[in-house]
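Biologist: I have a structure open and would like to talk through its ligand site and pockets. Could we begin with the ligand?

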Amino acid sequence: MNYKLLTPGPLTTSETVKKVMMVDHCTWDNDYKVITQKIRKDLLELANAPEEDYTVILMQGSGTFGVESVITSSVGTDEKLLICENGAYGKRMKDIANHAGIDAVVYSEPFNKIPCAKKVDEILNEDKEITHVSMVHCETTSGILNDIESVAKVVKEHGKTLIVDAMSSFGGVVIDMEKLGADFMISSSNKCIQGVPGFSFIIAKKEALKKCEGKARSLALDLYDQFKTMDIDGKWRFTSPTHVVLAFAQAIKELQEEGGIAKRYERYLNNNRTLIAKMEELGIKTYIDLEHQSPIITTFLYPEIHNYSFNEMYEYIKERGYAIYPGKVTEADTFRIGNIGEIYEEDMIKLAEIIKGFMEEKANEM
Ligand SMILES: *Cc1c(COP(=O)(O)O)cnc(C)c1O
């Protein structure tokens, strides 16, 4: 059965993105290498990262592979990482550090609060051993949009290396890499660029990337070695997900045709605020305050109705053409709705109608 994904990636892609995958491409062929090089160049532009100072590395695997590649290739054995955490993806960074035996400390906030620059400043003043700071931009766990700008400012004042997981925001929220001053920014093929799953990409400051030489704990995830091979002429170090790469190139083209990230942001924001308003009419409230609510994904508290069951609601909605997402925050009963991908205002209105129908059906059961 065909349904649209209201999940934060994989998400609903366009027909044209799916269609370009009907070709088997050779990996060492020049046409293919040119596609990789074009993707790298386009991503720099989308991130407003000038070519003299920044570069892009594509890495096989899902988004986590990209985050793991950056953390395990950039934080050396005599260095220390500070992780700002307010959700599952921040916690995953700690897990990555633990697996690699990397010295890491965590600064935690509750899932509905953003990490605070002042606290980061205090921690950096107290612990002089810290060399790197990492944080998530849009915490997909809750849908909160963290303030990377204010934290980046503090991290740069202290002269530390900054790693940003912008997995679910890059392409959907304007990020000015140069102004931000981040050293590494990670995202993946199946989120706001609207491609299909298969690789992650890292936008890196060349100066910071150079310092990764010889530091990696893993062969396949060695960010510097991946860069060195790819930068010759666009050939990937090991087998690349060719179909995914073709789809991604098409997805970038469609993002440009839409009018770039600022325009896509407008569509996502309109989707999101329409959804929240419609849900409010049904008495369904958001977990995150509107001030920090991302335009990507929203956590909603369970509706206060008799006999409510998420699974029942999920099936009811799916039969009518949409897949939603279970909640991931721990202290409240919630579900999540993503509004990225080939999703428009009319989908949000339709979804709210479906949920209304479900609630009415439930009320009649009494
Ligand atoms: C999707 C996502 C990831 C990566 O998850 P994968 O399942 O490995 O693709 C990492 N961080 C954030 C914030 C995400 O939204």
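Biologist: Which residues are around the ligand?

Modeller: The residues around the ligand are Ser62, Gly63, Thr64, Tyr89, Arg92, Val136, Cys138, Thr140, Asp165, Met167, Ser168 and Lys191, where a residue is near a molecule if one of its heavy atoms lies within 4 Å of it. This is a predicted model, in which local features need pLDDT of at least 70, side-chain atom pairs count only at pLDDT 80 or more, and totals for chains, interfaces and linings use all residues. Residues are numbered from 1 along each chain as its sequence is written, and side-chain values use heavy atoms, with hydrogens and water left out.

Biologist: How does that shell divide by class?

Modeller: The shell around the ligand has 4 nonpolar, 5 polar and 3 charged residues. Here Ala, Val, Leu, Ile, Met, Phe, Trp, Tyr, Cys and Pro count as nonpolar, Asp, Glu, Lys and Arg as charged, and the others, Gly among them, as polar.

Biologist: And which helices supply at least two residues of the shell?

Modeller: Helix H3 (63–74) and helix H4 (88–100) each do so. Helices (H or I, at least four residues) and strands (E, at least two) are DSSP runs, numbered from the N terminus.

Biologist: What lies 2.4 Å from an oxygen atom of the ligand?

Modeller: That is a polar side-chain atom of Thr140. An N or O atom in the side chain of Lys191 is 2.7 Å from a ligand oxygen, and a polar backbone atom of Gly63 is 3.1 Å from an oxygen atom of the ligand. The cut-off for a polar contact is a pair of N or O atoms within 3.5 Å.

Biologist: Turning to pockets, which one does the ligand take up?

Modeller: The ligand takes the space of the largest pocket, and about 260 Å³ of space lies there. On a 1 Å grid over the protein atoms alone, a pocket is an open set of points where a 1.4 Å probe fits, with protein on both sides within 12 Å along at least five of seven lines; lining residues have an atom within 4 Å of a point. A molecule sits in a pocket if more than half of its atoms lie within 2 Å of its grid points. A volume is the space filled by probe spheres set on the points, which are joined across faces, edges and corners.

Biologist: How many residues line the largest pocket?

Modeller: The lining has 19 residues, of which Thr64, Tyr89, Arg92, Met167 and Lys191 lie nearest the centre. H4 gives the largest share, 4 residues.

Biologist: What about the second largest pocket: which residues line it?

Modeller: Its lining includes Asn2, Tyr3, Leu11, Lys18 and Glu342. About 220 Å³ of space lies in this second largest pocket.

Biologist: Changing topic, where is the peptide bond that is cis?

Modeller: The bond from Gly9 to Pro10 is cis, with omega near 0 degrees. Pro10 is found in the loop between S1 and H1.

Definitions and conventions. A polar contact is a pair of N or O atoms within 3.5 Å; within protein, one must be able to donate a hydrogen and the other to accept it, and residues adjacent in sequence count only if both atoms are side-chain atoms.
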